[in-house]
Amino acid sequence: MLEQVRIVLVNTSHTGNMGSAARAMKTMGLSDLCLVDPVSPPDGQSVALAAGASDILANARTVPTLADAVADCGLVIGTSARSRTWSWPMLDARQAGEKAMAEAPRHKVALVFGRERTGLTNEELQLCHYHVAIPANPEYSSLNLAMAVQTLSYEVRMAWLAGSHHEPEAADYPLAADLERFYAHLEQTLLDTGFIIKPHPGQVMTKLRRLFNRARPEDHELNILRGILTSVQRLGRQGK
């Protein structure tokens, strides 16, 4: 089940951090690393800091966007160190590990880490079902990228050792790519009906993403929602 957990690093600026993250992963038995638009590809410094985990770097996949990195994942958890304009379902590190192992038997799980200085953007965090914050000392909460990867990888391993992977959740959830197609369908329908106006969309789609990510519709429920949207569009075309 540990092979089902993917570590995703977004727009990493220091190549050494990729190696240190690979080392943190390997010590906990994780092996699936994905690099999203790194400033520079892995290099000699990455390999040196990987300290024996260079195989994880060599097998890492590089993609242009976070959506590409998580398209085949049924659960996406993004790290967030600060409050955002729109609150999202939150987990602590232990809950994130337990959630990952509970769902790993059914689909890939992604743990997403942002830029060293600025973390994940609000748009990137909207691609995540949950946000996770590591409860560090509030008087000195500075964690580097590899430390954060190590902490969450450790919690995943602890949940795996505790045996939570023997009790998978019963629900079948859509993959991230399916959810993105639903959101595009929803937005187009709302544009067609005039509920939102393209030049001035406001925060409607952000709020709706938060609502559906919080509700986490199952596969068959998402199909029902897509069917409703299709029927609304069909009626609109008939009216024209």
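Let me start with a word I'll lean on: a residue is buried if its relative accessible area is under 20%, exposed if that is over 50%, and partly exposed in between, using a 1.4 Å probe and protein chains only. By that rule Glu103 is buried, with a relative accessible area of 1%. Keep Glu103 in mind, please; we'll come back to it.

Quick housekeeping. This is a predicted model, so local features need pLDDT of at least 70 and side-chain atom pairs count only at pLDDT 80 or more, while totals for chains, interfaces and linings use all residues. Numbering runs from 1 along each chain as its sequence is written, and side-chain values use heavy atoms, with hydrogens and water left out.

Okay, the layout. We have domain 1, residues 2-164, and domain 2, residues 176-239; those bounds come from an automatic or database domain assignment. Taken over C-alpha atoms, the two centres are 29 Å apart.

So how many residues of each domain are in contact with the other? It's 17 from domain 1 and 12 from domain 2, where contact means heavy atoms within 4.5 Å. Together the domains bury about 1300 Å², and carbon and sulfur atoms give 57% of that. Buried area here is the accessible area, again with a 1.4 Å probe, that two parts lose on being put together, summed over both.

Now the polar side of that interface. The rule finds 6 residue pairs in polar contact across it, both residues at pLDDT 80 or more. A polar contact is a pair of N or O atoms within 3.5 Å; within protein, one must be able to donate a hydrogen and the other to accept it, and residues adjacent in sequence count only if both atoms are side-chain atoms. On the side of domain 1 that touches domain 2, the elements giving two or more residues are β4 (73-79) and α5 (93-103). Of the elements, β4 gives the most, with 4 residues. For the bookkeeping, helices (H or I, at least four residues) and strands (E, at least two) are DSSP runs, numbered from the N terminus. That side of domain 1 divides into 11 nonpolar, 4 polar and 2 charged residues. In that split, Ala, Val, Leu, Ile, Met, Phe, Trp, Tyr, Cys and Pro are nonpolar, Asp, Glu, Lys and Arg are charged, and the others, Gly among them, are polar.

Which brings me to salt bridges, meaning a side-chain nitrogen of Lys or Arg within 4 Å of a carboxyl oxygen of Asp or Glu. Across the domain interface there's 1, and here Glu103 returns: its side chain meets that of Arg216 at 2.6 Å, N to O. Arg216 sits in the loop between α9 (204-215) and α10 (219-239), Glu103 in helix α5, and they are 113 residues apart. Arg216 is buried too, at 7% relative accessibility.

The whole structure has 11 salt bridges. One of them joins Asp55 and Lys26 at 3.0 Å, N to O, linking helix α3 (residues 54-58) to helix α1 (residues 15-27). Asp55 is partly exposed at 36%, and so is Lys26 at 38%.

Then there's a local one: Asp178 and Arg181, at 2.5 Å, N to O. Both lie in helix α8 (residues 176-193), 3 residues apart, about one turn of the helix. Asp178 comes out at 26% and Arg181 at 45%, partly exposed.

Last item: Arg6, Asp32, Asp72 and Lys108 are linked in a network of salt bridges.
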